[in-house]
Amino acid sequence: MIAESEDGLLLIDQHAAHERIIFEALKESKKISPQNLLMPLELNLERSKMDLIIAREEALKKLGFTFNFGNDKIIMVSIPQVIKTEGAIDTLEEILDEMRLEGLETPERVFDNLLASIACKAAVRTGNRLDIGQAEVLFEELKEKNLLVCPHGRPISMVIRLEDLDRYFSR
């Protein structure tokens, strides 16, 4: 996205911006609402990940994932409301990988990383077109909350100063 600011042109990474806004909303809510799948998904993951799902079922439930267990099978019956069904298994695997780090990082840091993974999957993608209304809402939220980086630490925007533009065009 491109916007005009007092200092010049503001270039905004719409994915990073949307990701950070979703992340902040998830963090504030403390619990992610699940959405039931019309067609539950049977998981075919490596054994260590299946064991981790069983061991961390309650934590996964807080993130919006619920499962049915039986006959050495795990069936995913709900996913976080903010993500699409197509990316649910990939998101779950990222979360399980992050959960493996729980002894190495603080619980708060791990939880933030889990929310960041969910926010990343839910955010609008770079290259997707936003209509002017969606872009304005995104821009206003960024301004209101003064968000500068995405949950992974990458910058959301950059300014091309007016004096740099003038210099470039020999003015």
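Helix 1 (residues 14-29) is a good place to start: 16 residues at 1.5 Å a residue should span 22 Å, and its end C-alpha atoms sit 23 Å apart, which agrees. The expected span here is 1.5 Å times one less than the number of residues, and helices (H or I, at least four residues) and strands (E, at least two) are DSSP runs numbered from the N terminus. Bear in mind that this is a predicted model, in which local features need pLDDT of at least 70 and side-chain atom pairs count only at pLDDT 80 or more, while totals for chains, interfaces and linings use all residues. Residues are numbered from 1 along each chain as its sequence is written, and side-chain values use heavy atoms, with hydrogens and water left out.

How does helix 1 begin and what follows it? At its N-terminal end, D13 acts as the cap, with a side-chain oxygen 3.0 Å from the backbone nitrogen of H15. That is a polar contact, meaning a pair of N or O atoms within 3.5 Å; within protein, one must be able to donate a hydrogen and the other to accept it, and residues adjacent in sequence count only if both atoms are side-chain atoms. After helix 1 comes K30, which has a positive phi near 70°.

The buried residues of helix 1 are Q14, H15, A16, A17, E19, R20, I21, I22, F23 and L26. Buried means under 20% relative accessible area, exposed means over 50%, and partly exposed is in between (1.4 Å probe, protein chains only). Their cover includes strand 2 (8-12), helix 5 (107-122) and helix 6 (132-145), where contact means heavy atoms within 4.5 Å.

Now follow that cover to helix 5. Helix 5 also has 16 residues and reaches 23 Å from first C-alpha to last, close to the 22 Å expected at 1.5 Å a residue. Its buried residues are V110, D112, N113, L114, L115, A116, S117, I118, A119, C120 and A122. Among the elements covering them are helix 1, strand 5 and helix 4 (88-99).

Strand 5 (residues 73-80) is where you'll find S78. S78 counts as buried because its relative accessibility is 1%. Its side chain makes a 2.4 Å polar contact with the side chain of T66, and a polar atom of the S78 side chain lies 3.4 Å from the backbone oxygen of G64. Leaving aside neighbours within four places in sequence, S78 is in contact with P34, Q35, N36, L37, G64, F65 and T66.

Just ahead of strand 5, take a look at N71, in the loop between strand 4 (66-70) and strand 5. N71 has a positive phi of about 50° although it is not a glycine, and with a relative accessible area of 76% it is exposed. N146 tells a similar story: it isn't a glycine either, yet its phi is positive, at about 50°. N146 lies in the loop between helix 6 and strand 6 and is exposed, with a relative accessible area of 57%.

P151 is in that loop between helix 6 and strand 6 too. Not counting residues up to four places away in sequence, P151 touches E19, R20, F23 and A116. By contrast, the C-alpha atoms of P151 and E46, 105 residues apart along the chain, are separated by 28 Å.

Next, the aromatic rings. Which pairs turn up in a search of the whole structure? There are two aromatic pairs; rings of Phe, Tyr and Trp (its six-membered ring) pair if their centres lie within 6.5 Å, and planes under 30 degrees apart count as stacked, over 60 as edge-to-face and the rest as tilted. F67 and F69 have ring centres 6.3 Å apart and planes at 40°, so this pair is tilted. F67 is buried at 6% relative accessible area, whereas F69, at 37%, counts as partly exposed. Y168 and F169 form an edge-to-face pair, 5.0 Å centre to centre with 90° between the planes, and both residues are exposed.

Finally, the largest pocket. A pocket, on a 1 Å grid over the protein atoms alone, is an open set of points where a 1.4 Å probe fits, with protein on both sides within 12 Å along at least five of seven lines; lining residues have an atom within 4 Å of a point. Fourteen residues line the largest pocket, and S5, L10, F139, K143 and S157 lie nearest its centre. Strand 2, helix 6 and strand 6 (157-161) each supply at least two residues of the lining, with helix 6 giving the most, three residues.
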